[in-house]
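Below are some notes for a colleague who wishes to look over the binding sites of this entry before setting up further work. Please read them alongside the sequence and the coordinates.

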Amino acid sequence: MHDTGANVLLSLSGVNSFYGESHILHDINLSVREGELVTLLGRNGAGKTTILKSIMGLVGRRSGSITVAGRETCHLPTHRIARLGIGYCPEERGIFSSLNVEENLLLPPMVKDGGMTLAEIYDMFPNLLERRNSVGTRLSGGEQQMLAMARILRTGARLLLLDEITEGLAPVIVQALGRLTGQLKEKGFTIILVEQNFRFAAEVADRHYIIENGRVVEMIDRKDVETSAAVFNRHLGV
Amino acid sequence: MDVTFQTVMSQLMLGLNNGAFYAVLSLGLAVIFGLLNIINFAHGALYMLGAFVALLGYTELGPLLGMPEFHLNYWAALIVAPLVVGGIGIILERTMLRRLYRVDHLYGLLLTFGVALIFQGIFTNYFNVSGTPYDGKPELLNGVVNLGFMMFPTYRLWSIVVSLTICFGTWFMIERTRLGSYLRAGTENPHLVQAFGINVPLMVTLTYGYGVGLAAFAGVVAAPIYSVSPVMGAEMIITVFAVVVIGGMGSIMGAIVTGLALGMVEGLTKVIYPPASSTVIFFMMVLVLLVKPAGLFGKEQ
Ligand SMILES: Nc1ncnc2c1ncn2[C@@H]1O[C@H](COP(=O)(O)OP(=O)(O)O)[C@@H](O)[C@H]1O
Ligand SMILES: [Mg+2]
């Protein structure tokens, strides 16, 4: 199994999550090793975002065990969880309209040593440099997505939770995000990627978890992707 | 009535003085509303409390400590009162307001209104409702200054200057500093800000403390001008709420500018048609609500 290695960075076992009275996640087990890129695939409403929110402590209530680098986080407040070295890029991107681009970029505080410098980030995202004094939400969708990613690279977080980063973006931008995600993996980031775009996901990921009705229904390794077309088809309808 | 340059200017200056108080108070309300989503009805009572800290610090603290000669002087009160009242605010937030963030605005309003009535009731029990004069005004701020176009009481000039300094200092802090960017971001999306590792609950508590500390500060500055009374806040807060409605809850600068402008409008009305001076703000409130329901600086939602 994948959750036995000593280098497991994140592990969920028996996680149940609730929004008010609604029971959304049922007995989720998954784990991610250091340096791995793992996807969460599944139809709209399957519970992928809720898994990321559960990791961050942003759901109404959760039970079970979620460990980050061996530390139990189920009872920690959200800001303490983030400080363990997690960078969260939410589905709705969360660019602040009352902050300009650079303020958005500088907002997340350092959580660990070794984050990228502002110069390195501008090097990687020249558009953001050009538009650093614009209001954050005036950027194009693609630029906002870049900004949402860039700002968590500064903080030293080593585990990135990326929620549907390609959603609604033009093909060339999706390609750029693909290259970026590959670069981040090479730099040693550990990544959980929520995706609807299966081709995008298949290119970069080491493993795929398929989520359905708040449950993990399949786990497929990169090497088995080709032979699992039927499984993907059944669950994702691709 | 004989409308001379002199009378217009002096009413404008007095209006500016009142407006400076409106500005400090509505600024605090706007900051609190932004982050806590609570309409802080206790604001007036905490302003009153600030004035009482100055008054009691001056008259009662010495005897209480067995040192009849000791007076908490005005300058010290400017610092102590915001700290004391800010501390009370922090306790209020931690023990009561915190429980209401998930529910409708209305609950926060009712709770803070209740708190205001309690403070006001307690003080009404022990102090004269028609006011007790504050004798701690420093020597330095006695007398009048020549503004060129008129003579103006030094203390009132000081109170305008110090209030504006506090207002623009707060504006600067919120709009131009790192700390302020946390606050602005927290106003927009507190969950995400917390997911970045910022202790948002602590920030919320301190923001409430700061907001009510501002009210206490205004209370101390007001003490030598208006006499200190248990109902001074209740009277003030009604006007300040009208200011906030006119300016719109969303904007820091809006709160400041609207406060100052409406103080001056009130002053001018005293020259033009005195009977309307106490209602002109409410008249304007109705007009603004009809034309721009979110307020002059507010964002439509
Ligand atoms: N804030 C919320 N309150 C109540 N139910 C929610 C909330 N957010 C999501 N849900 C429900 O939880 C389920 C999973 O949603 P989500 O995790 O967003 O799915 P996905 O990201 O896979 O599209 C859906 O049925 C959705 O309606
Ligand atoms: Mg989602």
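Which residues are around ligand 1?

1. In this model, which is a predicted one, the residues around ligand 1 are Tyr19(A) and Ile24(A), together with Arg43(A), Asn44(A), Gly45(A), Ala46(A), Gly47(A), Lys48(A), Thr49(A) and Thr50(A). Sorted by class, this shell has 5 polar, 3 nonpolar and 2 charged residues, and its largest share, 3 residues, is supplied by helix α1 of chain A, which covers residues 48–56.

2. As for polar contacts, oxygen atoms of ligand 1 are approached by backbone N or O atoms of Ala46(A), at 3.2 Å, and of Gly47(A), at 2.9 Å, while an N or O atom in the side chain of Lys48(A) lies 2.8 Å from an oxygen atom of the ligand. Ligand 1 would expose 560 Å² if taken alone, and the protein buries 59% of that area.

3. The magnesium ion, ligand 2, has as its protein donors OG1 of Thr49(A) and OE of Glu91(A), at distances of 2.0 to 2.4 Å. This pair links distant parts of the chain, since Thr49(A) belongs to helix α1 of chain A, whereas Glu91(A) sits in the loop between β6 (86–89) and α3 (101–106) of chain A, and the two are 42 residues apart.

4. Is Glu91(A) buried, partly exposed or exposed? Glu91(A) has a relative accessible area of 23%, and therefore counts as partly exposed, because that class lies between the cut-offs of 20% and 50%.

Note on methods
Residues are numbered from 1 along each chain as its sequence is written. Chains are lettered from A and ligands numbered from 1 in the order in which they are written. This is a predicted model: local features need pLDDT of at least 70, side-chain atom pairs count only at pLDDT 80 or more; totals for chains, interfaces and linings use all residues. Side-chain values use heavy atoms; hydrogens and water are left out. A residue is near a molecule or strand if one of its heavy atoms lies within 4 Å of it. A polar contact is a pair of N or O atoms within 3.5 Å; within protein, one must be able to donate a hydrogen and the other to accept it, and residues adjacent in sequence count only if both atoms are side-chain atoms. Accessible areas come from the Shrake-Rupley method with a 1.4 Å probe; for residues, only the protein chains shown count as cover. Helices (H or I, at least four residues) and strands (E, at least two) are DSSP runs, numbered from the N terminus. Ala, Val, Leu, Ile, Met, Phe, Trp, Tyr, Cys and Pro count as nonpolar, Asp, Glu, Lys and Arg as charged, and the others, Gly among them, as polar. Donors are N, O and S atoms within 2.8 Å of the metal (3.2 Å for Na, K and Ca); water is not among the atoms, so sites may look incomplete. Buried means under 20% relative accessible area, exposed over 50%, partly exposed in between (1.4 Å probe, protein chains only).
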